[in-house]
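Student: I should like a close look at one part of this structure, namely the packing of a pair of helices. Please describe that part in detail and then turn to the largest pocket.

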Amino acid sequence: MRLTATPSLMAVALALALAGCQKADEAAPAADASQAAAAEAAAEPDRDANVDPMDAILAGDWRDPANVARDAWRHPRETLAFFGVGPSQRIVEISPGGGWYTEILAPLPKDKGSYVGVVNDPAKAANERARDYYANANGKLREKLAARPDVYGNATLVEVDPAAPVIGEPGSADVVLTFRNVHNWVMSGQEAAMFKAFYDVLAPGGVLGVVEHRAAPGKSLAEVKTSGYLPEDYVIGLAEAAGFVLEEKSEINANPADTKDHPNGVWTLPPSNNHPEADRARYAAIGESDRMTLRFVKPQAQ
């Protein structure tokens, strides 16, 4: 049955409609204010969106002033950018030593990713001298981390056997970094085992970043093995033998002034300065060593 609107029904409907409009109009100012605030918040640029966390880290009061002074030689901002290191990654640093890069890397993923420093287990040392050295170095690094829990509270140290290293669960890292360590493994015959461990712990597509003292072109491994310098093609070969693919090289840490023929090898130069005091100005003018900077990738699973 079809209903026909009578004048009385239309009057009632009109009254209800007017009442509804009145309530909506009364509530409108609050709704409009809420919407305006939301629109203003959305329009306001994210104050943190364009902030580079590296700015605050490099200027951090926890950094040793002597380490800060070496930024000009070690180029941490540019080096880590080349390796693609970011705050959401699972970062592994190999043999952090006194913690030069640890001061930068450990705070970076504090809220999003993770940092693991890999140190040698003193109990696995080849001799008593090495055992004492590892124990002392590890203790100092732990003291550094413990002194600033607000900065390093989420950092972890893992002790490994350098002759048969197992860094972590397979595929549990996004980036593995090693700075000026490869020559030590070469001298101790542990280089192949270390690079295999890097490959195992990285997830497919993960990055291995290597910075190492670079030997003069044409020099063989036998010629430079005890100098601290290594042939660049030799280091590339170590990584490729472990399964890595060389993605790119960089000259970020190059130093053309380094003649690489110093009486005490790379340790003649700053920061070791293993030279007569009379030669200080000469080696200070050269600066730190010429270094290769190599980015490798672990291929995606086939």
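Tutor:
**A helix pair and the largest pocket**

In this predicted model, helix α10, spanning residues 191–201, packs against helix α12, spanning residues 232–242, at an angle of about 55°, and their axes lie 8 Å apart. Because of that angle, α10 is oblique to α12; the oblique class takes in angles that are neither under 35 degrees, nor over 145, nor from 65 to 115. The crossing in which α10 passes α12 is right-handed. On the α10 side, the residues that meet α12 are Glu191, Phe195, Lys196 and Tyr199, and their counterparts in α12 are Tyr234, Leu238, Ala239 and Ala242. Sorted by class, this contact of α10 with α12 comprises 6 nonpolar and 2 charged residues, with no polar ones.

The largest pocket is a separate topic. Its space amounts to about 1,300 Å³. A total of 46 residues line the largest pocket, and those closest to its centre are Ser95, Gly97, Tyr133, Asn181 and Asn184. Two or more lining residues come from each of the strands β1 (90–94) and β2 (114–120) and from each of the helices α7 (128–147) and α9 (182–188). Of the elements, α7 gives the most to this lining, contributing 9 residues. By class, the lining of the largest pocket holds 23 nonpolar residues, 15 polar residues and 8 charged residues.

Notes
Residues numbered from 1 in each chain as written. Predicted model: local features only at pLDDT ≥ 70, side-chain atom pairs only at ≥ 80, totals over all residues. Heavy atoms only, no water. Axes fitted to C-alpha atoms, helices over the stretch in contact; angles between N-to-C directions. Helix = DSSP H or I, 4+ residues; strand = E, 2+ residues; numbered from the N terminus. Left-handed = near helix turned anticlockwise from the far one by under 90°. Contact = heavy atoms within 4.5 Å. Nonpolar A, V, L, I, M, F, W, Y, C, P; charged D, E, K, R; others polar. 1 Å grid on protein atoms, 1.4 Å probe; cavity = no way out; pocket = protein on both sides within 12 Å on 5 of 7 lines; lining within 4 Å. Points joined across faces, edges and corners; volume = space filled by probe spheres on them.
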